[in-house]
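Colleague: Before I rely on any of the labels attached to this model, I should like to see the reasoning behind them. Please take me through it.

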Amino acid sequence: MKAAVLYRAGEPENLRLEEREISSPKENQILIKIKAFGLNRSEIMTRKGYSESVQFPRILGIECVGEIVEDPSNEFQKGQKVTAFMGGMGRDFDGSYAEYAVLPKSIISSFESDLSWGILGALPEMFQTVYGSLHSALMIKKGETILIRGGTSSIGLLAAELAKSEGLKVISTTRDITKTNLLIENGADEVLIDDGNLSQQISIQNLKIDKILELVGASTLKDSLASVVRGGIVCMTGMLSEQWSIKDFAPMDYIPAATFVTVYDSGQMRVEGKYFQDFIDEIENGNIHPKIKKVFSLEKIAEAHTFMESNYGGGKIVVVL
C-alpha cells in the first residue's frame, strides 16, 4: 500500500510517500481501506515536532472514513462504511495518511450515506469537535450570544452554522477584513475584526457575550476570558496560534471572578455514533452545509500541509484516496 511516512519532524516535504506491507488486524483491531481523511491543525504541530510523545517514523492522520476490509470479531461486515478518529490514531499508532490502516475497534463507528468520500472525509473530527464544544463544554442555549474566535476555520464555520440553527446569536471573528462577507454568508449575525484586544471592542460596543468558542488558542485566551459576561463560559478548543501553553500562568490574575473556562478534546470524550449519523442525514437533507476548501490526493500530502499552513481558512482540507 501507499503511505505518507514522517521519519523526522520538520517541513511538509518530510512526509515521504512510500510502499508498505498491509498489516493484519489482531484481537480488537480492524483493517480499513481508507477512502478519505481531513487535515487537522494538530497534525501540522505533530509534523513540526511539537507532540513530544510521538515516536518516528509515524504515519500521521487523526481521522478517516473508509470501508471495512477485515474484522476478526465479525462485528462489522466487509465493505461497511465506517469512520475512525483520535484515540491515539496518528500519534501512538499509525494513522490515516495511507491506503489502509489497522485501527482499534474502540474508535470505529459505522454509518450509512450516499455522500461522496470527498464530503464524508471532512466530517468526523469536525463534527465531533463542534458538537462536543457547543453542547458538552459550552452547554449552549437558545437565545444566548456566542462569539466564535477563529471564525473562518473549518471548525469555526461549522460551529456558527450549528449554533445559528439552534437559535443563538452568532458573532464570528477574523483577522482579515476581506473575509467578513464569508462569515456573514455563513450565518454570522455580526463580525468583529480580531486585533488581539476583542474585550475592548466588546466593551465599547456594549455587547453581551454569554459563551466563547476559543479556536485561536492560548495566545488569546486571556482576552477571551475578559470578553464574556460574568457567569459566562469560554471553551478553548483550537490552537490556530500553535501555542500549547501559557507562560507564568497565575489563575487568580488570569481568570476573572465568576467566569468559567473549559476545554473540549475529542481524545478525552467522544460523541455517540448516532449523533454523527444524524449529522450526515442533515447534510443529505440540505439543512447543513459543511465548508470544504480544497481536495488533494495522497500524493499531494506535502502540498496539502503547505496549503493549510497558509491559514487561508474558509473550510476543511480533505485528502481523497
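The exchange below sets computed values against their definitions.

Modeller: This is a predicted model, in which local features need pLDDT of at least 70 and side-chain atom pairs count only at pLDDT 80 or more, whereas totals for chains, interfaces and linings use all residues. Residues are numbered from 1 along each chain as its sequence is written, and side-chain values use heavy atoms, with hydrogens and water left out.

Colleague: Why is C64 called buried?

Modeller: Buried means under 20% relative accessible area, exposed over 50% and partly exposed in between, with a 1.4 Å probe and protein chains only. C64 has 1% relative accessibility and therefore counts as buried. C235, at 0%, is buried as well.

Colleague: How many disulfides does the search of the whole structure find?

Modeller: The search finds zero, a disulfide being a pair of cysteine sulfur atoms within 2.5 Å.

Colleague: What makes strand 1 and strand 2 a pair?

Modeller: Strands (E, at least two residues) and helices (H or I, at least four) are DSSP runs numbered from the N terminus, and two strands pair if DSSP finds at least two bridges between them. Five bridges join strand 1 (residues 2–6) to strand 2 (residues 15–19), and the two run antiparallel; they therefore qualify as a pair. A4 stands opposite L17 in strand 2.

Colleague: Which residues touch the most other members of the largest nonpolar core?

Modeller: A nonpolar core is a set of buried Ala, Val, Leu, Ile, Met, Phe, Trp, Tyr and Cys residues joined through side-chain atoms within 4.5 Å. The largest has 41 residues, of which L120, L123, L134, L138, I146, I148 and F279 touch the most other members. Helix 4 gives the most to this core, with seven residues. A second, separate core of 33 residues includes A4, V5, I34 and I107.

Colleague: How do you know that the length of helix 9 agrees with its number of residues?

Modeller: The expected span is 1.5 Å times one less than the number of residues. For the twelve residues of helix 9 that gives 16 Å, and the end C-alpha atoms are 17 Å apart, which agrees.

Colleague: Why are the buried residues of helix 9 said to line one face?

Modeller: These residues are F276, Q277, F279, I280 and I283. They fall within an arc of 155° seen down the helix axis, so they line one face; the arc is that of the directions from the axis to the C-beta atoms. What covers them includes strand 5 (81–85), helix 2, helix 3 and helix 4, contact meaning heavy atoms within 4.5 Å.
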